[in-house]
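Colleague: I've just opened this one and I'm new to it. Could you walk me through how to read it?

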Amino acid sequence: MNRNRVRARDKGVAHDRWDGAGPGSTDTTRCAPDWLALREPADAAARAPELLTPLRRWLAGRPAPLVVQDLGSGTGSVGRWLAPRLGVPQHWVLHDRDPGLLVRASVRGATFETRCGELAGLDLTGTSLLTASALLDLLTPSDVDTIAGACAAAGCAALLTLSVAGRVELTPADPLDADLAVAFNAHQRRGELLGPDAVTVATWAFEQLGATVHRAPSPWRLGPDQSELTEQWLRGWVAAARRQEPWLDTEAYTRRRLAACAAGELEVVVHHTDLLAIGAR
């Protein structure tokens with residue numbers, strides 16, 4: 001797998017995504033710890049809890065502690081959300097290319113270790129569950145095939161959360177919203193990247209290998225209580241759209257939106273999808 005496409009983060013972002021390396025960052029391969037901390041509560045609130053029931057059922061009876069490998073882990077936000085909810089002993093392996101994030105890593109209610117480096121030759125032997133957050137939309141079809149194949153070979157489940165769905169709702173509406181959304185989605189799909197098509201492609205890849213795939217919506221719902229996160233999301237979303245379509249006149253739009261955000265008048269729904277793939281025992 002080309003790790004240049006799978007950057008270090010929690011739900012961190014690569015390739016100038018809307019949830020990018022962080023406000024003002026010029027390093028496109030790393031995510032600012034402050035940005036990851038800012039977004040973690042919204043990520044936790046968005047993850048789809050209904051996928052936990054089939055996951056717990058499938059994990060029941062597996063040898064303890066369960067081994068969970070988390071790709072692009074950042075500081076470990078997936079583990080902090082999921083480990084207490086599984087209710088069984090676990091050992092987490094956190095993979096990230098950024099050692100600065102891994103030194104800040106923690107997982108509640110489980111033991112863990114960190115591994116820094118590339119993910120080529122990922123070995124899931126002995127693993128019960130593979131996790132990742134905001135990963136699929138940064139991959140190519142070949143990358144997804146690699147992950148699905150590794151899970152099938154190891155007989156492990158995969159819980160892949162918070163993949164962009166290609167839909168954003170802003171209230172109140174603005175005439176430029178639709179053009180920005182189209183440009184942003186095109187930016188996500190540039191080159192071979194899957195962007196909003198990732199969950200569909202991943203579903204096919206896992207099902208071709210005999211897995212049962214469950215999907216559930218996991219939207220960010222940002223209102224006045226998340227104004228700081230909304231502001232930073234908006235700046236990144238607009239910037240990505242403008243890079244894709246430089247003709248877009250976004251200066252006045254950004255001023256209007258930021259003023260509404262500061263006044264507590266802007267609400268945003270960023271749609272994502274969570275995917276759980278489980279194979280036969």
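Colleague: Let's begin with the fold: how many helices and strands are there in the protein?

Modeller: Keep in mind that this is a predicted model. The protein has nine helices and eight strands. Of its 281 residues, 54% count as buried. Among contacts between residues at least 6 apart in sequence, 78% join residues at least 24 apart.

Colleague: And the outside: how much area does the protein expose?

Modeller: About 11,600 Å², with carbon and sulfur atoms supplying 51% of that.

Colleague: Let's try one residue. Is His272 buried or exposed, and why?

Modeller: Buried means under 20% relative accessible area. His272 has 2% relative accessibility, so it counts as buried. You'll find His272 in strand β8, which covers residues 267-278. A polar atom of its side chain lies 3.4 Å from the backbone oxygen of Val270. His272 also sits 8.7 Å from Ala216, C-alpha to C-alpha, though the two are 56 residues apart in sequence.

Colleague: Now pockets. How does one look for empty space?

Modeller: You roll a probe the size of a water molecule over the atoms, and that shows where empty space is left. Here, the second largest pocket holds about 170 Å³ of space. It has 14 lining residues, and the closest to its centre are Pro41, Ala42, Arg221, Leu222 and Gln226.

Colleague: Which element gives the largest share of that pocket's lining?

Modeller: That's α1, with five residues. The elements giving two or more are α1 (33-46), β7 (220-222) and α8 (227-244). By type, the lining splits into nine nonpolar, two polar and three charged residues.

Technical notes:
Residues are numbered from 1 along each chain as its sequence is written. This is a predicted model: local features need pLDDT of at least 70, side-chain atom pairs count only at pLDDT 80 or more; totals for chains, interfaces and linings use all residues. Side-chain values use heavy atoms; hydrogens and water are left out. Helices (H or I, at least four residues) and strands (E, at least two) are DSSP runs, numbered from the N terminus. Buried means under 20% relative accessible area, exposed over 50%, partly exposed in between (1.4 Å probe, protein chains only). Contact means heavy atoms within 4.5 Å. Accessible areas come from the Shrake-Rupley method with a 1.4 Å probe; for residues, only the protein chains shown count as cover. A polar contact is a pair of N or O atoms within 3.5 Å; within protein, one must be able to donate a hydrogen and the other to accept it, and residues adjacent in sequence count only if both atoms are side-chain atoms. On a 1 Å grid over the protein atoms alone, a cavity is a set of points where a 1.4 Å probe fits but cannot get out, and a pocket is an open set with protein on both sides within 12 Å along at least five of seven lines; lining residues have an atom within 4 Å of a point. Grid points are joined across faces, edges and corners, and a volume is the space filled by probe spheres set on the points. Ala, Val, Leu, Ile, Met, Phe, Trp, Tyr, Cys and Pro count as nonpolar, Asp, Glu, Lys and Arg as charged, and the others, Gly among them, as polar.
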